[in-house]
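Trainee: Got a minute to go through this one with me? I'd like to start with the charges.
Mentor: Fine, put it up.

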Amino acid sequence: MEALIADQEQMTWFLACRVEDVPADGGACVLLNGHQIAIYNFARRNEWFATDNECPHRQQMALSRGMIGSQGDEPKVACPFHKKTFSLRSGQCLNDESYQITTFPVKVTDGMVYIGLE
Ligand code: FES
């Protein structure tokens, strides 16, 4: 695995995939440090997001296949299994506050997608 650019906040940026590996307004899953991470190309908003791929509701590795959308200004993903919906910014579940996922910073440079891990 290729680690790039460590910045001042002890963040290490890992090369995750190419831009074309993630469908527009969809997601893809990558394995980084043994951890499945869902990456979303939210083309309608011109933004990228990354979260855990595992849905904490029933531990399904499914969020990269979830439907993305917006609730007000909040970008979100809905788990395809039972429609728990998570903010792509904070990871907070928007329809059941007992669930939370981790979100990760994303950088897109020269057609490549990088995920920041501490
Ligand atoms: S497993 Fe995701 S909502 Fe149930």
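Mentor: A definition before the charges: Lys and Arg count as positive and Asp and Glu as negative, while His and the chain ends are not counted. Also, this is a predicted model.

Trainee: OK. How far apart are the mean positions of the positive and negative charges?
Mentor: They are 10 Å apart in the protein chain, taken over 10 positive and 15 negative charges.

Trainee: What about secondary structure, how many helices and strands?
Mentor: The protein chain has 13 strands and 0 helices.

Trainee: What radius of gyration does the chain have?
Mentor: The protein chain has 14 Å; a compact globule with 118 residues would be near 13 Å, so the two agree. Along the principal axes, the C-alpha atoms fill a box of roughly 35 × 25 × 25 Å.

Trainee: And how much of the chain is buried?
Mentor: Buried residues are 42% of the 118. The protein chain exposes about 6,400 Å², and 46% of that comes from carbon and sulfur atoms.

Trainee: Which share of the contacts is between residues 24 or more positions apart?
Mentor: Those pairs account for 40% of the contacts with a separation of 6 or more.

Trainee: Switching to one residue: where is Ser-87?
Mentor: Ser-87 lies in strand β10, residues 85-87.

Trainee: Buried or exposed, and why?
Mentor: Ser-87 is buried, because its relative accessible area is 1% and the cut-off for buried is under 20%.

Trainee: Which residues does Ser-87 touch, leaving out those up to four places away in sequence?
Mentor: Ser-87 touches Glu-74, Pro-75 and Lys-76, as well as Gln-92, Leu-94 and Thr-103.

How values were computed. Residues numbered from 1 in each chain as written. Predicted model: local features only at pLDDT ≥ 70, side-chain atom pairs only at ≥ 80, totals over all residues. Heavy atoms only, no water. Helix = DSSP H or I, 4+ residues; strand = E, 2+ residues; numbered from the N terminus. Rg over C-alpha atoms; globule rule 2.2 N^0.38 Å. Buried < 20%, exposed > 50% of the residue type's maximum accessible area, 1.4 Å probe, protein only. Contact = heavy atoms within 4.5 Å. Areas by Shrake-Rupley, 256 points an atom, 1.4 Å probe, with all protein chains shown as cover. Charge placed at Lys NZ, Arg CZ, Asp CG, Glu CD.
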